Amino acid sequence: MAPRSLVLTVAVLLSCGALFSAFVPVPLLAKSASSAPALSQLPTAALSTALLVTPSLAHAATEGSAVWIPALSAVGAGFAIGLAAIGSGVGQGIASGRCIDGISRQPEVADDLRGVLLLSLAFMESLTIYGLVIALVLLFANPLIK
């Protein structure tokens, strides 16, 4: 059990490092000719390794793997509802702001814009509800758990 958890920990750390290096800008340093190719391929290699190793660890057929599937399902449920709420909130904010801009520029079309806004807000909120449904399925009706 210990080697597998150690491998999983290393895989998660490497994938987090790859994600942070992909999204967080790194200050430019003086480039040396010998180490530039190896450093530029490191995040891709680490992410590839993590993606190849993680499914085999999650679906291992030993007794200890019964803990990993519910734990990873809980993490997936958290990501599902979190990303759905963030995406819907940002989309609703942008749509509402544009609608207010449109109404302030042309007050005579306020009724038309208000109807379209409410319809689009309902569609955006339905995406959040889909994220909630996915999270609830992962937590309480998980198809991966026997």
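# A tour of helices 3 and 4

Start by selecting Gly91, which is partly exposed, with a relative accessible area of 22%. Gly91 sits in helix 3. Now add Ser120: the C-alpha atoms of Gly91 and Ser120 are 9.6 Å apart, although 29 residues separate the two along the chain.

**Colour by confidence.** Before going further, note that the model is predicted. Its mean pLDDT is 76, and 63% of the residues reach 70 or more. Which element has the lowest mean pLDDT, and which the highest? Helix 2 (residues 36-58) has the lowest, at 60, and helix 4 has the highest, at 91. Where pLDDT is low, the predicted coordinates should not be read in detail. The stops below are in helices 3 and 4.

**Select residues 68-105.** This is helix 3. With 38 residues at 1.5 Å a residue, helix 3 should span 56 Å, and the 55 Å between its end C-alpha atoms agrees with that. Show the side chains of its buried residues: Ile69, Ser73, Ala77, Ala80, Ala84, Ser88, Gln92, Ala95 and Cys99.

**Select residues 110-140.** This is helix 4. It has 31 residues, and the distance from its first C-alpha to its last is 44 Å, close to the expected 45 Å. Buried here are Ala110, Leu117, Leu121, Met124, Thr128, Gly131 and Ala135. What do the buried residues of helix 4 pack against? They pack against helix 3.

**Zoom in on Ser88.** Ser88, in helix 3, has a relative accessible area of 7%; because that is under 20%, the residue counts as buried. Its contacts, leaving aside neighbours within four places in sequence, are Met124, Glu125 and Thr128. Of these contacts, Met124 and Thr128 are among the buried residues of helix 4. Which backbone oxygen does the side chain of Ser88 reach? It is that of Met124, at 3.2 Å.

**Add Ser126.** Ser126 belongs to helix 4 and is partly exposed, at 23% relative accessible area. Draw a distance from its C-alpha to that of Ser88: the value is 8.9 Å, for two residues 38 apart along the chain.

**Move to Asp111 and Arg114.** How many salt bridges are counted in the model? The count is 1. It joins the side chains of Arg114 and Asp111, with an N to O distance of 3.1 Å. Side chains of opposite charge can pair when their charged atoms come close. Arg114 and Asp111 are 3 residues apart in helix 4, so about one helical turn separates them. Are the two partners buried or exposed? Arg114 is partly exposed, at 42% relative accessibility, whereas Asp111 is exposed, at 59%.

**Overlay the annotation.** Finally, mark the segments that an unreviewed UniProt entry lists as "transmembrane region": residues 6-30, 42-61, 67-95 and 116-141. Select 67-95 and the model shows 97% helix and 0% strand, with the end C-alpha atoms 42 Å apart. Select 116-141 and the model shows 96% helix and 0% strand, with 36 Å between the end C-alpha atoms.

Conventions:
Residues numbered from 1 in each chain as written. Predicted model: local features only at pLDDT ≥ 70, side-chain atom pairs only at ≥ 80, totals over all residues. Heavy atoms only, no water. UniProt positions renumbered as here; feature names shortened; annotations may be inferred. Helix = DSSP H or I, 4+ residues; strand = E, 2+ residues; numbered from the N terminus. Salt bridge = Lys/Arg side-chain N within 4 Å of Asp/Glu carboxyl O. Buried < 20%, exposed > 50% of the residue type's maximum accessible area, 1.4 Å probe, protein only. Polar contact = N/O pair within 3.5 Å; in protein donor to acceptor, adjacent residues only side chain to side chain. Contact = heavy atoms within 4.5 Å. pLDDT = per-residue confidence, 0-100. Expected span 1.5 Å × (residues − 1).
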